[in-house]
Amino acid sequence: MDALKIIEQVRLVPVVILNKVEDTIPTLSAMIKGGVNVAEITFRTACAKECIALAAKTFPDAAIGAGTVLTKEQALEAIEAGASFIVSPGFSESVHEVCKEKNVPYLPGVITPTEIMRCLDLGYHTLKFFPAGVFGGLKAIKNLGAVFAGVKFMPTGGVDNSNLKEFLDCDKILAVGGSWLSKGTPEQIEATCREAVRIKEGK
Ligand code: 3PG
């Protein structure tokens with residue numbers, strides 16, 4: 001299944017910061033056991049490419065993407081490693097070009113109406129809203145959503161299980177991203193993901 005379809009179903013996008021390649025399988029196995037088969041592995045650590053390659057090979061049914069992709073080189077590395085989606089904190093012309101050429105979904109980050117309009121001009125309708133907690137959170141998304149009817153947001157930054165429900169209840173939000181889903185021991189990660197899925201399902 002295509003990565004955006006999985007994200008649309010799961011509605012949770014763990015931001016995964018891996019310092020060691022050996023952490024890849026325990027971290028992602030715990031998330032998947034907890035019901036979240038999506039991972040945005042960030043290019044904030046030197047081993048990101050290797051972690052993505054291992055994750056994509058080990059978990060072929062999960063949506064394994066790359067996050068914090070700031071440059072064309074990182075986008076190429078991520079795609080070569082098997083990333084099935086690419087996320088940036090903002091919009092990058094060169095990352096956009098690589099993703100378009102390689103036909104890999106790109107989720108650029110936005111905050112302002114002008115940034116959203118720039119992304120719409122280029123055909124992007126699913127946008128990361130980052131850092132959500134700092135720039136108005138749900139209230140900002142609702143205001144922006146009223147103007148940009150066709151846009152779906154992925155708020156990231158400052159979300160956790162305590163405020164997840166209010167974000168997921170908003171129909172302008174495709175999915176919610178954040179690092180809270182990938183923090184702690186494998187047992188803690190599995191429990192956090194399981195709880196997030198429970199909140200999502202309203203049980
Ligand atoms: C990101 O990379 O999207 C954010 O740093 C995640 O923010 P959080 O740590 O508040 O979830």
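## Ligand surroundings

A polar side-chain atom of Lys128 lies 2.7 Å from an oxygen atom of the ligand, in a structure that is a predicted model. Two further approaches to ligand oxygen atoms can be described: a polar side-chain atom of Ser179 is placed 2.5 Å from one oxygen atom, and a backbone N or O atom of Gly158 is found 2.8 Å from an oxygen atom of the ligand.

The residues around the ligand are Val15, Arg44, Lys128, Phe130, Thr156, Gly157, Gly158, Gly178 and Ser179. Lys128 and Phe130, both members of that group, are also related to each other, since Lys128 lies over the face of Phe130, at 4.8 Å from the ring centre.

## The parallel sheet and its crossover

An open sheet of 3 strands is arranged in the order S6-S7-S8, and the pairing is parallel. Strand S6, covering residues 109-110, and strand S8 stand at the edges with a single partner strand each, so one side of each is left without a neighbour in the sheet.

Strands S7 and S8, the latter formed by residues 152-155, run parallel and are joined by 4 bridges. Within this pairing Phe129 has Pro155 of S8 as its bridge partner, and from S7 the chain passes through helix H7, residues 137-147, before it arrives at S8, in a β-α-β crossover that is right-handed. Leu127, for its part, stands opposite Phe153 in S8.

## The cis peptide after Phe130

Phe130, which was met above beneath Lys128, is joined to Pro131 by a cis peptide bond, with omega at about -5°. Pro131 itself belongs to the loop between S7 and H7, and Phe130 is also one of the residues around the ligand.

## Aromatic pairs

The structure holds 4 aromatic pairs. One of them is formed by Tyr106 and Tyr124, whose rings meet edge-to-face, with 5.6 Å from centre to centre and 85° between the planes. Tyr106 lies in strand S5, residues 106-107, whereas Tyr124 lies in the loop between helix H6 (113-121) and strand S7 (126-129), so the pair ties together parts that are 18 residues apart in sequence.

Are the two tyrosines, Tyr106 and Tyr124, buried or exposed? Tyr106 counts as buried because its relative accessibility is 4%, and Tyr124, with a relative accessible area of 12%, is buried as well. Together with Phe91, Tyr106 and Tyr124 form one aromatic cluster.

## Positive phi angles in two loops

Two residues other than glycine can be described here for their positive phi values, namely Arg11, where phi is near 65°, and Thr68, where phi is near 50°. Arg11 is located in the loop between helix H1 (3-10) and strand S1 (12-16), while Thr68 is found in the loop that runs between strand S3 (63-67) and helix H4 (72-81). Thr68 counts as buried because its relative accessibility is 14%.

## Ala56 and Ala81

Ala56 belongs to helix H3, which is made up of residues 48-58, and is partly exposed, with a relative accessible area of 23%. Although Ala56 and Ala81 are 25 residues apart along the chain, their C-alpha atoms are separated by 7.7 Å.

Definitions and conventions
Residues are numbered from 1 along each chain as its sequence is written. This is a predicted model: local features need pLDDT of at least 70, side-chain atom pairs count only at pLDDT 80 or more; totals for chains, interfaces and linings use all residues. Side-chain values use heavy atoms; hydrogens and water are left out. Rings of Phe, Tyr and Trp (its six-membered ring) pair if their centres lie within 6.5 Å; planes under 30 degrees apart count as stacked, over 60 as edge-to-face and the rest as tilted. Buried means under 20% relative accessible area, exposed over 50%, partly exposed in between (1.4 Å probe, protein chains only). A charge sits over a ring if NZ of Lys or CZ of Arg is within 6 Å of the ring centre and within 35 degrees of the ring normal. Two strands pair if DSSP finds at least two bridges between them. A crossover is right-handed if, with the strands pointing away from the viewer, the path from the first strand over the helix to the second runs clockwise. A residue is near a molecule or strand if one of its heavy atoms lies within 4 Å of it. A polar contact is a pair of N or O atoms within 3.5 Å; within protein, one must be able to donate a hydrogen and the other to accept it, and residues adjacent in sequence count only if both atoms are side-chain atoms.
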